[in-house]
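Please open the model in your viewer and set the side chains to be shown as sticks. The tour below moves from one selection to the next.

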Amino acid sequence: MKALLTICLVCVMTLTTGTPVLAGEGGVYTALKQDVLFARAGLRLWEKEPRIGGPGETGMAYHMAANADGLWICSLQIAVFTSRAAAEEVAERMVRSMSMGEDVPVNPPGPYGDIGDERHVCTGGGDGGGSLVFLRQNISVVFSWAGENARALALARRIDELIRTDREVAPRGSLASMPEIVTVGAPAQAAKKARVTITPEFRGVGERADLRITILGPDRNSKVSETTMEGRSPPDIVVRGPRADSLSDTVRKRRPDEDGRFILRIPDKVGPAKLTMIVATPDNVIVTKEFTVNVTE
């Protein structure tokens, strides 16, 4: 497997249709508290500002620093779903992406056998790195590393243990209200390469200013949204200073809670374009909504 170059942790809660998965007596896993997880597992952030993962991913990415023992976490992606089927679907997609379409073992024997309740090993064999995808009930974890395998597997086991046993890391219960994207606010038709303003509406996701938002293209391998990773919209506003010569004026980005505006760049291929909006909250709850824009000349 080609090692992933981006050090990231993706924490996801994608709301999909299907039967909710009960996580034992405590109900479903409802969130992932990354700060507690990092502290318990001995992980350190490299960059403080999280982002929605790169094209083809659905989740929050946290850039991690190398461990003191030299273990490099190439990719640590954690996803919390409302159904086991959704967790399996995303795990399989990530396995295909990481293994470049090659078949990988499910629930392989050996040193991986006690990690998760279902697992795929994407690569490995030597002692210089590898990748492991495992499920723990309705949580999916994608774990890739460079360094000593024994240390990496010990860390994977620790993460699995924290998910299973530490409710400050992975709370369980019931969803009081189902977060959703009510409407994307995009036009039904637009000219190719046009830039249009959209005004999405959300429910159950908290403060608009705290959201991270992006839109993926038809193949999910390209971002077509002009909304920044931090959830701010591109239009600038000038904050007027007290001086008449305006030398003290400053320019800053408008926040979504100020104007609700987002700029969508329409794809350049004529015809129906199926796009996907991804919205993430500070607690790593992610909701998605597919929509179609008819692209014209």
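What follows is a walk through some of the salt bridges in this model, which is predicted.

The structure holds nine salt bridges in total, and a convenient place to begin is the pair formed by Asp 283 and Lys 33, whose closest N and O atoms are 3.3 Å apart. Asp 283 sits in the loop between β18 (271–280) and β19 (286–296), while Lys 33 belongs to the loop between β2 (28–29) and α1 (34–41), so this contact ties together parts that are 250 residues apart in sequence. If you colour by accessibility, Asp 283 should appear as partly exposed, with a relative accessible area of 37%, and Lys 33 likewise counts as partly exposed, at 29%.

Next, select Arg 40, which lies in helix α1, together with Asp 166, found in the loop between α3 (149–165) and β9 (172–173); the two are 126 residues apart. Their side chains meet in a salt bridge, with an N to O distance of 2.8 Å. Is Asp 166 buried or exposed? With a relative accessible area of 13%, Asp 166 is buried, because that value falls under 20%, whereas Arg 40, at 34%, counts as partly exposed.

Keep Arg 40 selected and add Glu 168, whose side chain also meets that of Arg 40 in a salt bridge of 2.8 Å, N to O. Glu 168 is placed in the loop between α3 and β9, 128 residues from Arg 40 in helix α1, and the pair thus links distant parts of the chain. With these residues displayed together, you can trace how salt bridges that share partners join Arg 40, Asp 166 and Glu 168 into one network.

Note on methods
Residues are numbered from 1 along each chain as its sequence is written. This is a predicted model: local features need pLDDT of at least 70, side-chain atom pairs count only at pLDDT 80 or more; totals for chains, interfaces and linings use all residues. Side-chain values use heavy atoms; hydrogens and water are left out. A salt bridge is a side-chain nitrogen of Lys or Arg within 4 Å of a carboxyl oxygen of Asp or Glu. Helices (H or I, at least four residues) and strands (E, at least two) are DSSP runs, numbered from the N terminus. Buried means under 20% relative accessible area, exposed over 50%, partly exposed in between (1.4 Å probe, protein chains only).
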